[in-house]
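Please take the sequence and the coordinates together, and follow the chain from one kind of link to the next. The paragraphs below go through disulfides, secondary structure and charged pairs in turn.

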Amino acid sequence: MDTTTVEFCMRSSIASTQSRNIRVTVLKNMFKKIALTRSALKKAIVVVSVCALASFLLLLYWNDSSESTKPSSTMAMGIYNTHIVDGSLDGGPMSAGDSVRDSAIPVNPIERLWTYRCVNNRCVRHHFVDGVEEDFDTNNAHQQPQQHGGQAPAGAGSANTGSSSSPGKRIPYLTCTMTCGPINIWPQPTGATTIGSKTSRFRLSDMHVKIVTKFEPVDKLLHDAYDVLRAEVRAAMVTHGATLEEIEGAVPAASVPAGVQQLPRAEERSLATEVNDAATVGRSAGGSETSGVGKIHFFKLVSDKRYDVDAFEVNVHVEKSGDTHLTLHTDESYNMTVTHSARVLIVKITANTFFGAKHGLTTLQQLIWFDDEERTLKVLNKASIEDVPKFNYRGLMLDTSRHYFTVDAIKRTIIGMSHSKLNRFHWHITDSQSFPFVSRHYPQLARYGAYSEREVYTTDDVRELTAFAKVRGIQIIPEIDAPAHAGNGWDWGPKHGLGELSLCINQQPWSNYCGEPPCGQLNPKNNNTYLILQKLYEELLEIVGPLDYFHIGGDEVNLECWQQHFNDSDMRTLWCDFMLQAYHRLQLASGQNATAPRLVGVWSSGLTSAPCLSKNTFAVQVWGGSKWPENFQLINSGYSLVISHVDAWYLDCGFGSWRSTGDGACSPYRNWQTVYKHRPWEEMKLTTLQMRQILGGEACMWTEQVDESILDARLWPRASALAERLWTDPTEERYSESVPLEVYNRMSVFRNHLLELGLRAEPIFPKYCAQNQDECV
């Protein structure tokens with residue numbers, strides 16, 4: 001074999017080997033890909049199987065929830081049941097009002113089983129099932145054809161009596177009670193008042209306000225207050241399950257039936273904006289969004305026989321004062337008239353100040369309600385009211401040291417105060433348990449004293465609450481308690497070269513050095529303590545001021561705490577020196593612009609009668625028992641008083657002791673009747689001259705056993721009972737064991753009003769008693 005042949009054979013062999021290697025490599029790669037594909041396929045099958053199983057379980061859950069006989073309840077911080085959904089004009093009977101309310105039990109569920117009629121000035125309940133109402137005088141029943149959508153019968157006049165009976169029309173309890181019997185306003189007006197029983201049905205979009213005043217700040221505040229009224233009326237409709245169309249009295253532009261008169265197109269876009277605002281209110285209050293919420297809806301206003309008015313004019317006149325800061329001498333009176341003629345309803349409110357006009361708007365709001373049968377707003381269309389409060393100081397105190405309360409919780413409290421016509425929110429911000437206020441000058445106070453970095457109030461929070469309260473006619477009175485009740489938050493002085501700012505902090509045994517643990521009492525001989533107080537006063541006055549009344553504490557000073565450090569000093573003189581120095585620092589904090597508070601409030605104690613405190617400068621908040629000698633001693637000494645008697649107006653009492661040792665509980669529970677009936681000036685038999693020393697009263701909510709979850713129920717409606725005592729001061733049989741029957745009925749209606757506003761007010765009796773007036777009490 002020659003060389004050429006050998007070389008050829010070698011090349012052929014090499015080529016064959018390379019070819020086999022390539023084929024083997026290709027096969028290996030192919031099998032690897034197949035293996036990877038199988039692995040991925042297995043994973044995909046597992047994922048799909050899990051998803052399918054999850055979907056199946058969710059479907060079962062949804063079906064079970066939708067078929068449940070009792071809807072799950074929610075604890076939304078805002079208004080209950082706040083979903084607003086799209087409605088339909090041509091739907092079934094349920095489409096007018098039963099718009100998908102399966103996420104929460106409504107505040108006021110529709111009582112389709114019952115209708116109410118006015119008999120001898122009281123509402124009497126009767127069966128109403130499928131259009132059949134039990135006859136009043138016999139056991140027979142008569143058939144009433146059901147009207148579509150709750151509309152009034154054809155040919156209805158411009159006004160109707162809410163509790164009168166019409167074929168096919170159920171009379172809801174609220175409509176009956178608003179048009180039957182005594183006036184349903186809380187607190188009851190003090191002047192000449194007449195209110196008719198006829199009602200007018202109207203659209204929220206027909207309400208318009210006209211402010212007449214030469215004072216620009218008053219004009220702005222009144223417009224803001226009116227906007228609040230509209231928003232709250234709208235939100236109340238939502239709690240009754242009203243649809244967007246029912247809220248604004250309109251239907252979608254594409255759904256207007258032929259032959260129905262439409263209002264001018266120019267009003268369409270503005271209405272769409274208002275409806276969008278309504279959706280926003282519903283969304284923000286409840287935190288959930290449903291169909292129709294947050295969208296722009298264009299509507300056609302419909303003019304038909306469902307409504308009795310084409311215009312609802314609210315005219316507010318304030319001519320005398322441009323002051324927008326509440327004082328102890330502010331004129332809060334107002335007069336209001338309501339008339340209805342030629343499909344125009346006119347409300348006229350006249351007042352001397354913004355605060356009086358605001359109270360007039362609050363009263364007007366109580367004359368408006370949503371009829372869940374006719375699915376419209378109604379208002380009493382004839383009224384004349386003269387009203388002025390008996391006392392200028394009508395307060396509520398909330399302690400935010402023993403438990404922290406969010407800004408939203410405090411806002412809810414202010415809302416309840418506004419509708420009860422309380423006007424002073426006494427904010428006990430700090431105590432020995434915690435110091436939640438974040439000072440710009442001394443942030444160490446909150447850094448060392450707050451429960452957590454989130455449980456604090458910034459200056460922006462205080463400013464926000466002040467503005468929120470102001471438009472509702474309420475003044476915020478902050479209190480940094482001193483010298484006692486000042487422990488945690490004050491213990492950082494030595495680390496920053498300021499010395500001991502407070503003494504006895506957390507000292508044991510606590511019962512020797514304070515009223516309740518933990519202990520702490522400001523150092524009366526450290527000038528830095530007074531400097532810090534001055535800066536705190538300065539910050540607070542800058543935000544909430546100007547004030548003519550400020551509270552500096554002075555409660556439960558323990559002389560033994562000071563005695564162990566200053567045994568060479570007279571303890572009463574030391575206390576007097578502290579209080580006078582604190583007042584001096586308050587004056588310095590107010591600056592040179594003559595805005596210093598005219599009166600300074602202090603808590604009553606065995607020290608407050610000391611002659612060092614001027615009766616012209618200091619007012620005393622009397623918290624002891626109504627029969628304690630201090631009441632008469634302080635009156636005889638000439639002091640002005642704010643009354644907060646523990647045996648009547650301490651709302652935290654009656655829940656047992658929260659600790660195993662010491663006197664930690666006051667009892668019994670102060671029910672709303674006890675709060676209402678307490679009339680201390682009558683028990684003390686004060687003369688007309690002495691009555692001038694009574695500035696008013698204040699309910700107190702100390703929070704050892706109260707946190708945000710139960711705040712509303714502890715306050716309301718008991719604080720509203722105090723409100724009528726201080727606004728109206730009704731006179732009834734002094735030794736009667738209970739309040740008059742009509743007060744029970746009014747309180748029941750007002751408690752439902754609070755529920756509509758988003759407050760979890762506790763019930764005053766079983767619902768049966770609300771449905772059957774006077775049967776239980």
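What is the torsion about the S-S bond of Cys769 and Cys776, and is the disulfide left-handed or right-handed? In this predicted model the torsion is about -65° for another pair, Cys514 and Cys519, while for Cys769 and Cys776 the value is about -85°, so the disulfide is left-handed. The sulfur atoms of Cys769 and Cys776 lie 2.1 Å apart, and the two ends of this link are covered to unlike degrees, since Cys769 counts as buried at 8% relative accessibility and Cys776 is partly exposed at 39%.

A search of the whole structure finds 7 disulfides, and two others can be set beside the one just described. Cys514 is joined to Cys519 with an S to S distance of 2.0 Å, and the torsion of about -65° makes that disulfide left-handed; both of its cysteines are buried. Cys653 and Cys666 form a further disulfide, with their sulfur atoms 1.8 Å apart, and this link is left-handed as well, with -95° about the S-S bond. Cys653 and Cys666 both sit in the loop between α14 (646-649) and α15 (672-677), 13 residues apart. Within this pair, Cys653 is buried with a relative accessible area of 0%, whereas Cys666 is partly exposed with 22%.

Why does Cys700 have no bond to Cys653? The closest cysteine sulfur to that of Cys700 is indeed the one in Cys653, but the distance is 9.7 Å, which is too far for a bond because a disulfide requires sulfur atoms within 2.5 Å. Cys700 is itself buried, with a relative accessible area of 0%.

The secondary structure comes next. The chain holds 21 helices and 27 strands, and 8 of the strands close into a barrel with parallel pairing, in the order β18-β19-β20-β23-β24-β25-β26-β27. From one strand to the next, the twist averages 30°. Strand β26 (residues 640-643) pairs with strand β27 (residues 694-701) in the parallel sense over 3 bridges, and within this pairing Val642 has Gly696 in β27 as its bridge partner. Helix α12 (residues 571-590) packs on the sheet, where it touches β20 (475-482), β23 (549-553), β24 (599-603) and β25 (618-622), and the direction of the helix makes about 140° with that of β23.

Another place to look is helix α17 (residues 688-691), in which Met691 lies. Met691 is partly exposed, with a relative accessible area of 25%, and, leaving aside residues up to four places away in sequence, Met691 touches Phe391, Trp681 and Leu686. Of these contacts, Trp681 is 10 residues from Met691 in sequence, and the C-alpha atoms of the two are 7.4 Å apart in space.

Charged side chains supply a further set of links. Side chains of opposite charge can pair when their charged atoms come close. The search of the whole structure finds 32 salt bridges, and Asp310 takes part in two that can be followed here, one with Arg203 and one with Arg343. In the bridge between Asp310 and Arg203, the closest N and O atoms are 3.8 Å apart. That pair connects distant parts of the chain, with Asp310 in the loop between β11 (299-303) and β12 (311-318) and Arg203 in the loop between β7 (198-202) and β8 (207-212), 107 residues apart. In the bridge between Arg343 and Asp310, the closest N and O atoms are 2.9 Å apart, and here Arg343 comes from the loop between β13 (334-341) and β14 (344-351), 33 residues from Asp310. As for exposure, Arg203 counts as buried at 2% relative accessibility, whereas Asp310 is partly exposed at 39% and Arg343 is partly exposed at 29%.

Arg440 and Glu542 meet in another salt bridge, at 3.4 Å from N to O, which links the loop between β19 (424-430) and α8 (444-449) with helix α10 (residues 527-544) across 102 residues. Arg440 is partly exposed, with a relative accessible area of 44%. A network of salt bridges, in turn, links Lys169, Arg201, Asp308, Asp371, Glu374 and Lys378.

Finally, some totals describe the chain as a whole. Of its 777 residues, 53% count as buried, and among contacts with a separation of 6 or more, 76% are between residues 24 or more positions apart. The accessible surface comes to about 33,600 Å², and 54% of that area belongs to carbon and sulfur atoms.

Technical notes: Residues numbered from 1 in each chain as written. Predicted model: local features only at pLDDT ≥ 70, side-chain atom pairs only at ≥ 80, totals over all residues. Heavy atoms only, no water. Helix = DSSP H or I, 4+ residues; strand = E, 2+ residues; numbered from the N terminus. Buried < 20%, exposed > 50% of the residue type's maximum accessible area, 1.4 Å probe, protein only. Contact = heavy atoms within 4.5 Å. Salt bridge = Lys/Arg side-chain N within 4 Å of Asp/Glu carboxyl O. Pairing = 2+ DSSP bridges. Axes fitted to C-alpha atoms, helices over the stretch in contact; angles between N-to-C directions. Areas by Shrake-Rupley, 256 points an atom, 1.4 Å probe, with all protein chains shown as cover.
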